[in-house]
Amino acid sequence: MSQPEYTTAQANALTNHDRKPIHIPGSIQPHGVLLALSTQLEILQVSNNTQVYLGKEPEDLLGESLSYLLDPRQVEIVKQCLVKKIGSANAFKVLISTLNGERYFDAIAHRIEETVILELEPTNSESELSFLGFHSLAGEAIAKMQSTSNLVEFLHSVAEEVQKIIGFDRVMVYQFDESEAGSVVAEVKREDLSPYLGLHYPATDIPAQARELYTRCFLRFLPDLTAEPIKLVPTENPTTHQHLDLSYCLLRSFDRCCTEYHQNMGVKALLVISLIQEQKLWGLISCHHQTPKYVSYEVLKMCEFLGQIVSSELAHKISYSEWDYKVKLKSLQSEFLESISQADNFIDALIKPEIRLLDLVSASGAAVCLDNEITLVGTTPNIHEVQALIEWADTQVSDNLFSTDSLPKLNSEALIFKDTASGLLLLRISKIRRYYILWFRPEVIQTVHWAGNPQESMQAQADGSYTLSPRKSFEQWQETVRLTSLPWKPCELDSAIALRNAIVGIVLSKADELAKINLELERSNQELASFAYAASHDLKEPLRGIYNFSTVLLEDYAQVLDDDGIECLQTVVALSVRMETLINALLRLSQLGQAQLRLQATDLNKLLKQVIDVFRASRQDSGLVDIRIPRPLPTVLCDRVLVNEVFSNLLGNAFKYNDKAEQWVEIGYLDEGLATRDWRLGKSFLNLIPIAANPQSPIPNPESPIFYIRDNGIGIPHHHLETIFRLFKRLHSQEKYGGGAGAGLAIVKKIVELHNGKIWVKSTVGVGSMFYFTLE
């Protein structure tokens, strides 16, 4: 539940109050006696009221052995505390001789560090309460409390049964919320008293130190809040030279603020029983009486026992009340995750149907962010506001799960969309990529009923500082709480975490499947390459025989064949030549698939000179060849033999598919980053002639130079820009442009990919083509 906001000065006052050492007050309540003993059971400290109860002055006891007061059997019981865990108590009856005769006491002994503390409370009973007696008193109360499964009815029953046992004017069950504030959720009271049921109390009413003590010591009894505390003698433990830790002492005195606070409520006696849930302080059974009231130690222990029973039952009652909702979430979660695991599109699986993503945590809206792609579902802030919220989360949220029911109080910019997102539940799926799911809840204006104005606890001083003081009035005070949503329940947060874990598991599973597929594909590719190599190699021998025998028939037996027979043999010869060309291309491609690169620093200028020299020597019309190199090429790390083949193929194609009278080819490279920049701007590289781009072309790596071979040839139709790199793919008949196997560009692509590079083309029919490639 939201509380009034405090200034920094007020917050400091609260912090200082929380630091008050209330566990070492240096005094006890006056209705008993305390002795602090060494490990040898020598009396080191006593309360300054031993004369009243024991008839002996403190000075008469200090330095004495415990056997000075107790008989050997009782001393042995106290000695057992030395081997027990800290805070674990031994309780027994003792009979001590005093100036007023023999007197019975309830003795409670426990250890704190290297000190044994013995508390003595006078009693009129000389016998301890038997188990059967204890069971008859507590059994009925336990049976009554366990008879209901409803949490509200259960807590009311708890208050009723505790009041029957102790007879206090008012018994309340007080529950803490996430902010450590609390509210009265059950109450049984005297008819003439004002009700506190449903009222809220700020966290300052029970400071952090007090809550911590309630977690360690489950019972706190103050029979007379008007009584003056009794000091310890000496003030510090002579062995440790520190104040005695009274955390587990029933007689520990009370803080001045506690006294004033409860006296302002008209309370003179107080009994508090801790309720622990999952090792945390869930709440308190707080019992008030309008006059001082003493309760025997046996009854106190019964109340403590009931508190432990209630704490144990709480888990069942809370679970039962939330069970239906949790079952619904679990069912939805299972269905949801199954659909995600089977989906091809992750976002579609999350948002279709959209109600599932929202119901998973009972949200009114959600946003799915995968890097820069944001998808909105339900009632949400607009896309720009969600982007700003994600930017804020990147810097302010470090955990995988973050939730708040008051986002505008953490992020002032969220005020503008408080109507849709006062509550935020943020799930980070990946810490490497910006993958988030955000759920939203709208503002819910609430009226909170406080037990008095909580701001009155802060008292301004003349110097401008603040101190924490008990407020004077506990009359109902209303506060309108804005900028908050309904709080996120723990089971909803668990549901979000389960979604993240499942998504991560599914991604890992998919990655594992993909790795297996890739491994199998790699093995298949290797087998296919081996098969292609073997098949191509073995096919050449019978093909060569077909060619040779056909040639022999044409040369030696042409006179016995008619024209049709000669034409058939000539066709066989031509087809065998064509077949050998295809087999050689396939053989070369399979060799590349199994090749190991021999990388070395290569001056591409020298390599290109060799390519051009060979090219000119192989062409009779070399005088018409115009090869332009605008600037020297760089030195790169590559396999020089294979890269020679790349330039040879591309240069040969550039002139081969050119029907211009003046043919030219330009070979160059682009500066690092220039290609990427111009690509994103949609411009032609280097402001060249207009060239149609292949939409599937890869975006260049800005770290690698991009080489290009540009020509003024016939160009390539747009729909063929990808298919030209396929094996045996020709765009023209064998009779046109010198024929060929259609394997050159497939071989070039394979060599480039062996260098972890990319190759693509831009072209306009009738104008020219420009091939790009990288060698990374």
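Which residue is the bridge partner of N90 in strand 5? It's A109, and the close-ups below start from that pair.

**Figure 1. The whole predicted model, for orientation.** This is a predicted model, where local features need pLDDT of at least 70 and side-chain atom pairs count only at pLDDT 80 or more, while totals for chains, interfaces and linings use all residues. Numbering runs from 1 along each chain as its sequence is written, and side-chain values use heavy atoms, with hydrogens and water left out. The protein has 20 helices and 30 strands (DSSP runs numbered from the N terminus: H or I of at least four residues for helices, E of at least two for strands). Of its 776 residues, 47% count as buried (under 20% relative accessible area with a 1.4 Å probe, protein chains only; exposed is over 50%, and partly exposed lies in between). About 38,800 Å² is exposed, with carbon and sulfur atoms supplying 52% of that (Shrake-Rupley method, 1.4 Å probe; for residues, only the protein chains shown count as cover). Take the contacts (heavy atoms within 4.5 Å) with a separation of 6 or more: 67% of them come from residues 24 or more positions apart.

**Figure 2. An open sheet of seven strands.** The strand order is 1-11-3-2-6-5-4, and the pairing is antiparallel (two strands pair if DSSP finds at least two bridges between them). At the edges sit strand 1 (27-28) and strand 4 (90-98), each pairing on one side only. Strand 4 is joined to strand 5 (residues 101-112) by nine bridges, again antiparallel.

**Figure 3. Strand 2, covered on both sides.** Five of the five residues in strand 2 (residues 33-37) are buried. V33, L35 and L37 point one way, L34 and A36 the other. Strand 2 pairs antiparallel with strand 6 (residues 115-122) over five bridges, and V33 stands opposite L120 there. With strand 3 (residues 43-47), strand 2 makes three antiparallel bridges, and L35 faces V46. Strands 2 and 3 form a hairpin with five residues between them; look for L41 in the turn, which has a positive phi of about 65 degrees.

**Figure 4. Helix 17 and its buried face.** Helix 17 (residues 604-618) has 15 residues and should span 21 Å at 1.5 Å a residue; its end C-alpha atoms are 21 Å apart, so the two agree (the expected span is 1.5 Å times one less than the number of residues). L604, L607, L608, V611, I612 and F615 are buried. Seen down the axis, the buried residues fall within an arc of 135 degrees, so they line one face of the helix (the arc is that of the directions from the helix axis to the C-beta atoms). An α-helix has 3.6 residues a turn, so residues three or four places apart point the same way. On the other side, K606, K609, V614 and A617 are exposed. The packing partners of the buried residues include helix 18 (640-656) and strand 26 (664-670).

**Figure 5. S311 in helix 9.** S311 belongs to helix 9 (residues 297-342). Is S311 buried or exposed? It's buried, because its relative accessible area is 11%. Leaving aside neighbours within four places in sequence, S311 is in contact with S274, L275, I276 and Q277.

**Figure 6. Where to be careful.** The mean pLDDT (the predictor's confidence in each residue, from 0 to 100) is 77, and 69% of residues reach 70 or more. Over residues 1-18 pLDDT stays under 50, and the model has 43 contacts for them beyond four places in sequence. Residues 737-741 are also below 50, with 20 contacts beyond near neighbours in sequence.
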